[in-house]
Amino acid sequence: MRQIFLTLILFISLSSVPAQDREIFKVVEKMPLFPGCDIGDNQENQKCTKQKLNQYIFDNLIYPDSALMMGIEGKVVVQFVITNEGAIVEIKVLKDIGYGCGEEVKKLISAMNDWHEKWTPGKQRERPVNALYTLPVEFKLDDMIFEDAQNKPFIAECALLLDTKEKDD
């Protein structure tokens with residue numbers, strides 16, 4: 001009896017939300033915009049969104065230590081929904097290179113929900129809608145920084161030096 005009651009409550013709460021508010025669009029007439037990018041025509045807005053999102057990722061992405069130690073490079077692809085209210089939900093890693101890289105991107109995307117200013121939702125027929133957003137994030141080590149003269153990873157060499165110092169103590 002209790003399960004039937006809970007199911008009924010869930011059904012009633014879901015049915016009270018209009019279908020268009022729950023629908024997730026893969027293609028929309030106007031794509032969601034990064035906060036502060038609703039500045040001009042659609043093409044300018046999309047260029048601004050791409051630039052600001054790339055800058056946010058560049059400024060805030062932390063290369064996981066285990067990926068650095070192993071010299072891991074590659075592309076992580078995440079997908080998320082920008083709701084009709086500008087929130088980011090349903091963050092999924094579609095392609096991961098491991099060593100914590102996918103989780104780091106997921107955490108970075110989720111952190112945008114803490115901002116005061118939200119994304120401008122995508123629009124279909126001039127109405128805000130839930131829109132699917134796919135984002136590739138490239139993890140690339142700078143060879144100049146992370147390799148020494150003998151092409152050995154600098155991070156691995158540092159770890160060996162730390163291990164040696166600890167053994168001497």
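1. Two strands are taken to pair if DSSP finds at least two bridges between them, where strands (E, at least two residues) and helices (H or I, at least four residues) are DSSP runs numbered from the N terminus. On that basis Phe25 has Ala131 in β5 as its bridge partner, and strand β1 (residues 24-25) runs parallel to strand β5 (residues 127-139) over two bridges.

2. This is a predicted model, in which local features need pLDDT of at least 70 and side-chain atom pairs count only at pLDDT 80 or more, whereas totals for chains, interfaces and linings use all residues. Residues are numbered from 1 along each chain as its sequence is written, and side-chain values use heavy atoms, with hydrogens and water left out.

3. Strand β2 (residues 74-82) pairs with β5 in the antiparallel sense over nine bridges, with Lys75 standing opposite Glu138. Strand β4 (residues 122-124) is likewise antiparallel to β5, over three bridges, and Gln124 has Arg127 as its bridge partner there. Two residues separate β4 and β5 in the hairpin that they form, and Arg125 in the turn has a positive phi of about 55 degrees.

4. In helix α5 (residues 101-111) the buried residues (under 20% relative accessible area, 1.4 Å probe, protein chains only) are Cys101, Gly102, Glu104, Val105, Leu108 and Ile109. These residues lie on the same side of α5 because they cover an arc of only 160 degrees around the axis, the arc being that of the directions from the helix axis to the C-beta atoms. The face turned away from the buried side carries Glu103 and Lys107, which are exposed (over 50%, with partly exposed in between).

5. The cover over the buried residues of α5, with contact meaning heavy atoms within 4.5 Å, includes α3 (42-60), α4 (65-70), β2, β3 (88-95) and β5.
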